[in-house]
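Please open the model in your viewer and keep the sequence panel beside it. The stops below tell you what to select next and what is found there.

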Amino acid sequence: MSTLKAVRGTRDLLPPETALWNRIEATARSVFARYNFGEIRTPVFEDTTLFARGVGEETDIVSKEMYTWEDRARAQSEKTQSLTLRPENTAGVVRAYIEHGLGESGQLQKLYYIGPQFRRERPQKGRYRQFSQIGAEVIGPPSAGSESPLRDAEILEMLATLLDELGITGWTLHLNSVGSSADRERYNQALRAALVPVVAQMCPDCQRRAETNPLRVLDCKVPADQPVIDTLPVIADSLDEASQAHFAQVTAALDAAGVPYTRNHRLVRGLDYYTRTTFEFTHGGLGAQNALLGGGRYDGLSEMLGGPRAPGIGFAVGEDRLVLTLLALENTQQDEKAAAFVAPLGEALNAAALALARELRRSGLRIELGEGSFRLKKSFEAADKTARQIVILGEDELQSGILTVKNFSTGIQTKVPRAELAVFLLNSGQSLEPEGGRSTPGAPLVVPPARIQKNAIHK
Ligand code: AMP
């Protein structure tokens, strides 16, 4: 019988790498809380129409990459319905905003999410069919200030803070404005006209895009097409005064906050709903899939989904790519050993060892529990692999209340009274790292050792 494996483009995340995932999520939650965001959790599948309307029928995501199926009716009262595993989370958040009348409070809604997304893309390093995004949206009625360029700048400044606190240095913020839909219409015409004399020299995809959606030509990665693309008009020249002023205010606020960016005229992004500000953060350590995160403003999305006018701006960070970046950075500390291994000498001491481990764990220590049937040599070998110290619990130790502790890095053996044991272990090299626990700005992230390399291999 052939063995079953995880489906192509999906993977298992195993400890110790999962500790890094938890740490990233804890840092993100802590940053979002400081900017006064609350968490939203929307369903993993939605009515297919949501994405067709919200993301755009013409996009690669909707036309080629969605996991869609006809969901059979289970009762007469139900209808067979086309459902889709969410390929992104903005459409779901805006659906929820409309469904729950969140705009009725008159306040800005600041919502973040963390969760899996699904796209049938060609898997490669940094690109999976199930991947995780950490994202946020700021959305609300215009009277709440949802159109203000300050919101755009604040989101970008928050992202710079998030990457800093994760310890990710060396990122680049690419910034552009795709204007209003009228601006884009003007730009499309300008592009079409400019493409007529040159399109015959371009790749087949560009020839098709020149017909259907000329903006997409700017996404072309074919090297031979690049010099041609460089001669095309830029969208900045098609922006009306209001869009230009909006962009100028975003950049002025970023300058004031000291957030560096570069203007990237080709950044038009793959989703149809963007208006005005679009952005991407890239990182050199990622290779071909170098986008850490992307986002932008979507002033018309709520109305496209049948809701009230509710301008908004949001982003999605690729969590898988944050992990890859952190693993590649040198300051990522590789350590995930338990503080101590409690080794009972004989099966009769198993119960007492569990009680001792419980005591130590309740003090916040990470403890591995051995097994009394092990010979001492085997306990030492197991302890050396998983913990920094071994605590030996024999009949004498139990009676006297004095335990023997050996530290593997120093080789020193110490007798410690039971009442002082937790403090002793804590001071002799324990890093208290509850998974997904506190996040200290600037502190090195605790990152998994050897097993990671194996896990990081994509399918
Ligand atoms: P998008 O929703 O396409 O704007 O993507 C936002 C971010 O999600 C990207 O910048 C990537 O970091 C990440 N991302 C998108 N697609 C994938 C994928 N197939 N695998 C892993 N990460 C992805």
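**Stop 1: around helix α2**

The buried residues of α2 pack against β2 (45-47), α3 (60-65), β3 (68-71), β4 (81-85), α4 (90-99) and α10 (301-304). Bear in mind, here and at every later stop, that this is a predicted model. To see how far the helix is covered, select residues 48-56, which form helix α2, and note that 7 of its 9 residues are buried. Colour T48, L50, F51, A52, G54, V55 and G56 to mark the buried residues of α2.

**Stop 2: the two domains**

Now zoom out and colour by the domain assignment, in which domain 1 is made of 17-180 + 240-328 and domain 2 covers 340-455. Taken over C-alpha atoms, the centres of domain 1 and domain 2 are separated by 43 Å.

**Stop 3: the segment before α1, and the loop after it**

Select P15 and P16, and look at the peptide bond from P15 to P16, which is cis, with omega near 5 degrees. P16 belongs to the segment before α1. Next select N36, which sits in the loop between α1 and β1 (38-39). Although N36 is not a glycine, its phi is positive, at about 65 degrees. Is N36 buried or exposed? With a relative accessibility of 61%, N36 counts as exposed.

**Stop 4: α1 against α11**

Show helix α1 (residues 17-34) together with helix α11 (residues 319-328); their axes lie 10 Å apart and the helices pack at an angle of about 115 degrees. That angle makes α1 roughly perpendicular to α11. The crossing in which α1 passes α11 is right-handed. To display the contact, select E17, L20, W21, I24 and E25 on α1, and E319, D320, L322, V323, L326 and L327 on α11. Sorted by character, the residues of this contact of α1 with α11 comprise 7 nonpolar, no polar and 4 charged.

**Stop 5: α5 against α9**

Move on to helix α5 (residues 149-166) and helix α9 (residues 241-257), whose axes come within 8 Å and cross at roughly 40 degrees. That angle makes α5 oblique to α9. Here α5 passes α9 in a right-handed crossing. On the α5 side the contact is made by P149, D152, A153, L156 and E157, and on the α9 side by H246, Q249, V250, A253, L254 and A257. The residues of the contact of α5 with α9 are 7 nonpolar, 2 polar and 2 charged.

**Stop 6: R276 in strand β9**

Select R276, which is placed in strand β9 (residues 275-283). Phi of R276 is near 50 degrees, which is a positive value in a residue other than glycine. Because the relative accessibility of R276 is 17%, and buried means under 20%, R276 counts as buried.

**Stop 7: L393 in strand β15**

Finish at L393, which is found in strand β15 (residues 389-393). At 0% relative accessibility, L393 counts as buried. Which residues does L393 touch, not counting residues up to four places away in sequence? Display A343, P344, L345, L349, A352, A353, L356, L398 and L403 around L393 to see these contacts. As a last step, draw a distance between the C-alpha atoms of L393 and N350, which are 43 residues apart along the chain and separated by 9.3 Å.

Notes. Residues are numbered from 1 along each chain as its sequence is written. This is a predicted model: local features need pLDDT of at least 70, side-chain atom pairs count only at pLDDT 80 or more; totals for chains, interfaces and linings use all residues. Side-chain values use heavy atoms; hydrogens and water are left out. Axes are lines fitted to C-alpha atoms, for helices over the stretch in contact, and angles run from 0 to 180 degrees between N-to-C directions. Helices (H or I, at least four residues) and strands (E, at least two) are DSSP runs, numbered from the N terminus. Angles under 35 degrees count as roughly parallel, over 145 as roughly antiparallel, 65 to 115 as roughly perpendicular and the rest as oblique. A crossing is left-handed if the near helix is turned anticlockwise from the far one by less than a right angle, and right-handed if clockwise. Contact means heavy atoms within 4.5 Å. Ala, Val, Leu, Ile, Met, Phe, Trp, Tyr, Cys and Pro count as nonpolar, Asp, Glu, Lys and Arg as charged, and the others, Gly among them, as polar. Domain bounds come from an automatic or database domain assignment. Buried means under 20% relative accessible area, exposed over 50%, partly exposed in between (1.4 Å probe, protein chains only).
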